[in-house]
Amino acid sequence: MPFCHAPWTNLDIDSQGKILPCCKYQPSSDDQEYNIRIHSLNEYSTSAFLNQIKQKFIQDQWPAGCVRCQIEEQNNIQSKRQLDHDRWQEHYSQYQLDSDQWLTACIAFGNTCNLKCITCSSHSSSRWRDEYRTIYGQDFQHVKFYRNDFIEIFVAQAPGIVHIDVHGGEPFLSGVDEQKKLLQHYVDSGRAADITLHYITNVSIFPDEDWWQLWSNFREVDLQLSIDGIESRYEYIRYPAIWAVTLENTQRYIQKEKQLANVRLSVSHTVSAYNIFYLDEFFAWCANVGLPKPWLGRVHGPAHMRPSVWPNTQYIIDHLFQSQYEDVRTWAGMIDNSDDSDQFEEFCKKLHQHDRYRGLDFVQTFPEMAHALLPIE
């Protein structure tokens, strides 16, 4: 079983403040929970919870919470574990497992967001809160930021950090002052030139000049445009985003990449029951506008939105296999090897509830998929 360095080298703090070894880790109800709003980083780093994960990897076993990477690797889809291994191989080869030093961090800085992407929730988007309460009966508070002393705590306990991911909420709305304070610390301390940054943005906001000025000091800034479809399908999945605004901002990002040597663009695409049929369409759009090949991430939760939820998937598989893009054809294999059709009734039920709440129409927006829907009761 492949080894993963993340439990030793990476710190993940999600939009509600929960501390985990990786953004892909799926905690169980039995796991001890650590939250930066009430726990120290030292409590987390010395916890039995984290040590158990480390021991699993040392024993060549997959920890139960690492199922997302495990499933992707079983289906020949490059996982985050593999991506990290390729990117940080030089650092990992020199890393001592008993050094207790974080190299990378993923920090959400809160859950402030202006969109209600259908595969998201109020856990990660403040805009979702009323709708999520109404349909799911659950409530997650709006976390504007974790705690007043977070920046001081983080820089003191992660002195050798070489990379920071920021994903939000929406990064350019969540904890903005605190983010800029952290970046300014690295500029003032002379460490910025040794640090790379990665942002995942919904593209509805274009950063102001303050951001670009700060970023100019860093080794590299990867701005990942998170886009889950095009045109009306984009507006449905990324409600209430406006496609024309996203197109305009995408072009502005492309121009910035051409102008600035340390800025590069990437694209992420969350693959769900809503857009699995349209992967080829999205790859073609990226190529047409001059964006790089998108990274595809599978929805693992909620289970009823997984791309393999459809009961008759052969027409989806046949369609994907016809794509000129190898990555899209790989996902045909993923669908062929997966079956979440026991969740299809729940998918249809929730789809109709969301359509009524938002005033949207899945049937008109996704006509190639609409024939398989269960009728409204």
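1. A quick definition to start: on a 1 Å grid over the protein atoms alone, a cavity is a set of points where a 1.4 Å probe fits but cannot get out, while a pocket is an open set with protein on both sides within 12 Å along at least five of seven lines; lining residues have an atom within 4 Å of a point. Please keep in mind that this is a predicted model, in which local features need pLDDT of at least 70 and side-chain atom pairs count only at pLDDT 80 or more, whereas totals for chains, interfaces and linings use all residues. Residues are numbered from 1 along each chain as its sequence is written, and side-chain values use heavy atoms, with hydrogens and water left out.

2. Now the overall picture. The protein chain has 18 helices and 8 strands; these are DSSP runs (H or I, at least four residues, for helices; E, at least two, for strands), numbered from the N terminus. With 377 residues, a compact globule would have a radius of gyration near 21 Å, and the chain agrees because its value is 21 Å. That radius is taken over C-alpha atoms, and the globule rule is 2.2 Å times the number of residues to the power 0.38. Along the principal axes, the C-alpha atoms fill a box of roughly 60 × 50 × 40 Å.

3. On burial and contacts: 54% of the 377 residues count as buried, meaning under 20% relative accessible area (exposed is over 50%, partly exposed in between; 1.4 Å probe, protein chains only). Among contacts (heavy atoms within 4.5 Å) between residues at least 6 apart in sequence, 73% join residues at least 24 apart.

4. Next, the enclosed spaces. A search of the whole structure finds 4 cavities of 30 Å³ or more, and the largest has a volume of about 140 Å³. Here grid points are joined across faces, edges and corners, and a volume is the space filled by probe spheres set on the points. Of the 16 residues lining the largest cavity, C4, A6, C22, C66 and C69 lie nearest its centre. Helix 1 (6-9), helix 3 (48-58) and helix 5 (80-87) are the elements that give two or more residues to this lining, and helix 5 gives the most, with 3 residues. By class, the lining has 11 nonpolar, 1 polar and 4 charged residues. For these classes, Ala, Val, Leu, Ile, Met, Phe, Trp, Tyr, Cys and Pro count as nonpolar, Asp, Glu, Lys and Arg as charged, and the others, Gly among them, as polar.

5. You may also like to look at the second largest pocket, with a volume of about 280 Å³. I77, Q78, K293, W295 and D327 are the closest to its centre among its 13 lining residues. Strand 8 (295-298) and helix 15 (326-336) each supply at least two lining residues, with helix 15 giving the most, 4 residues.

6. Finally, the salt bridges. The structure holds 21 of them, each a side-chain nitrogen of Lys or Arg within 4 Å of a carboxyl oxygen of Asp or Glu. K80 pairs with D84, the closest N and O atoms being 2.6 Å apart; both lie in helix 5, 4 residues apart, about one turn of the helix, and both are buried.

7. E131 deserves its own point. Its side chain meets K116 in a salt bridge (2.7 Å, N to O) and R358 in another (2.9 Å, N to O). The R358 pair links distant parts of the chain, helix 16 (residues 344-358) and helix 7, 227 residues apart. R358 and E131 are both buried, and K116 is buried too.
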